[in-house]
Amino acid sequence: MARLYGLLFVAQLVLAVAALISCLSADEGEIRALPRIVWVLIILFFPLVGGVAWFVAGRPEQRPASRGARWRPGSGFPENERPRTNAPDDDPEFLKSINQPRTSDAEMFERWEADLRRREEDLRREKEDPPRG
């Protein structure tokens, strides 16, 4: 008899935890009948009844997927439902970007060095000639 009570207690606990997780992860606007906080309190204070009530009356309705987007065994993948993407060699924007001149790493490095030299010179001038004020 004690094993039966233990099993029922575990089942009630699993139901309450599942209902609580389901309630907390549902979107606020889709929860039916009561606000989320009320459902959480009902599930916590009355685990067996609250869990069953949540799954019957509070959980958002499961909307079936649209007819064309659902995969059925033997029907293949719903290719027409996915957005079509171009491979890089078919994408006109990518092909245009290939022909544009690019700055090489050496040119970029030279610009960074010139900028660094200019900043160092500015700092030296500030040390030699402190601003008066």
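**Exercise 1. Establish which secondary-structure elements the protein chain has and in what order they come.**

Solution. The protein chain has five helices and zero strands, where helices (H or I, at least four residues) and strands (E, at least two) are DSSP runs numbered from the N terminus. Read along the sequence, these elements follow the pattern α-α-α-α-α. The model is a predicted one, in which local features need pLDDT of at least 70 and side-chain atom pairs count only at pLDDT 80 or more, while totals for chains, interfaces and linings use all residues. Residues are numbered from 1 along each chain as its sequence is written, and side-chain values use heavy atoms, with hydrogens and water left out.

**Exercise 2. Work out which residues of helix α2 are buried, and how they are arranged around its axis.**

Solution. Begin with the term itself: buried means under 20% relative accessible area, exposed means over 50%, and partly exposed lies in between (1.4 Å probe, protein chains only). In α2, which spans residues 36–45, the buried residues are Arg36, Trp39, Val40 and Ile43. Seen down the axis of α2, these buried residues fall within an arc of 100°, so they line one face of the helix; the arc is that of the directions from the helix axis to the C-beta atoms. An α-helix has 3.6 residues a turn, so residues three or four places apart point the same way. Next, look at the other side of α2, where Ile37 and Phe45 are exposed. Finally, the buried residues of α2 pack against α1 (2–25) and α3 (47–58), a contact being heavy atoms within 4.5 Å.

**Exercise 3. Describe the nonpolar surface patch and find which helix supplies its largest share.**

Solution. The patch covers about 1,100 Å², and among its residues are Leu34, Ile37, Phe45, Leu48 and Val56. Its residues have over 30% relative accessible area and no salt bridge (a side-chain nitrogen of Lys or Arg within 4 Å of a carboxyl oxygen of Asp or Glu), and nonpolar side chains (Val, Leu, Ile, Met, Phe, Trp, Tyr) are joined within 5 Å. Both α2 and α3 supply at least two residues each, but the largest share, five residues, comes from α2. Val56, for its part, has its place in α3 and is exposed, with a relative accessible area of 61%.

**Exercise 4. Locate Ala33 and describe its backbone and its exposure.**

Solution. Ala33 lies in the loop between α1 and α2. Although Ala33 is not a glycine, its phi is positive, at about 75°. Ala33 is also exposed, with a relative accessible area of 68%.

Methods:
Patches are made of residues with over 30% relative accessible area and no salt bridge: like charges are joined within 9 Å, nonpolar side chains (Val, Leu, Ile, Met, Phe, Trp, Tyr) within 5 Å. Accessible areas come from the Shrake-Rupley method with a 1.4 Å probe; for residues, only the protein chains shown count as cover.
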